[in-house]
Amino acid sequence: MSSVSVMHGKNVTSIRARGQAAQNLFDAMTGGIQKSQKGVEGGNCNRTACQAPGATFYNASTMKWYCPKCYEKINDANPGLCVER
Ligand SMILES: [Zn+2]
């Protein structure tokens, strides 16, 4: 009963049976919850000091996504580097 394989992504019920640790793994595998939304499209701003939601501006240099505020700052320093997608 205690040895449940967590490698089978489709076997959700047995993964859930493992409790919170398994739930975290499940979330990590499916991208279930908003943990690592930093710098992703439509997620949180990639700037560590910011991380505001609604990252809709793509920075071709870092290949990450930024909020409108940081987009302005980035383009201030490097015009055209960050674009809205
Ligand atoms: Zn930002």
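Q: Over how many bridges do strand E1 and E3 pair?
A: This is a predicted model, in which local features need pLDDT of at least 70 and side-chain atom pairs count only at pLDDT 80 or more, while totals for chains, interfaces and linings use all residues. Residues are numbered from 1 along each chain as its sequence is written. Helices (H or I, at least four residues) and strands (E, at least two) are DSSP runs numbered from the N terminus, and two strands pair if DSSP finds at least two bridges between them. Strand E1, which holds residues 57-59, pairs with E3 in the antiparallel sense, and the number of bridges is 3.

Q: Why is one side of strand E2 and of strand E3 left without a neighbour in the sheet?
A: The open sheet has 3 strands in the order E2-E1-E3, with antiparallel pairing. Strand E2 (64-66) and strand E3 (82-84) stand at the edges, so one side of each has no neighbour, because each has a single partner strand.

Q: By what angle are neighbouring strands of this sheet turned against each other on average?
A: Axes are lines fitted to C-alpha atoms, for helices over the stretch in contact, and angles run from 0 to 180 degrees between N-to-C directions. For this sheet, however, direction is ignored, and the average turn between neighbouring strands is 35°.

Q: Which residue in E3 stands opposite Tyr58?
A: E1 and E3 are antiparallel partners, which makes it useful to look across from one strand to the other. Opposite Tyr58, the residue in E3 is Val83.

Q: In what order do the elements of the protein run from the N terminus on?
A: The protein has 3 helices and 3 strands. Read from the N terminus, their order is α-α-β-β-α-β.

Q: Which residues in helix H3 are buried?
A: A residue is buried if 20 or more other C-beta atoms lie within 10 Å of its own, exposed if 12 or fewer, and partly exposed in between, with C-beta atoms placed from the backbone. In H3, which holds residues 68-77, the buried ones are Cys70, Tyr71 and Ile74.

Q: Why are they on the same side of H3?
A: The arc is taken from the directions that lead from the helix axis to the C-beta atoms. On the other side of H3, Glu72 and Asp76 are exposed. The buried residues share a side because they cover an arc of only 110°.

Q: Which strands are included in what covers the buried residues of H3?
A: Two residues are in contact if their C-beta atoms, placed from the backbone, lie within 7 Å. The cover over the buried residues of H3 includes the strands E1, E2 and E3.

Q: Which element gives the most to the largest nonpolar core?
A: A nonpolar core is a set of buried Ala, Val, Leu, Ile, Met, Phe, Trp, Tyr and Cys residues joined through C-beta atoms within 7 Å. The largest one has 10 residues in all, among them Cys45, Phe57, Trp65 and Tyr71. E2 and H3 each supply at least two residues of this core, and the element that gives the most, with 3 residues, is H3.

Q: Is Cys67 buried or exposed?
A: Cys67 has its place in the loop between E2 and H3, and its contacts beyond four places in sequence are Cys45, Cys50, Ala52, Gly54 and Ala55. Cys50 is 17 residues away from Cys67 in sequence, with 8.5 Å between their C-alpha atoms. Because Cys67 has 20 C-beta neighbours inside 10 Å, it counts as buried.

Q: How far apart in space are Arg47 and Cys67, C-alpha to C-alpha?
A: Arg47 lies in the loop between helix H2 (20-30) and E1, and it counts as buried because it has 20 C-beta neighbours inside 10 Å. Its contacts, apart from neighbours within four places in sequence, are Tyr66 and Cys70. Arg47 and Cys67 are 20 residues apart in sequence, and their distance in space is 8.7 Å.

Q: About what positive phi does Met63 have?
A: Met63 is in the loop between E1 and E2, and it counts as exposed because it has 9 C-beta neighbours inside 10 Å. Although Met63 is not a glycine, its phi is positive, at about 60°.
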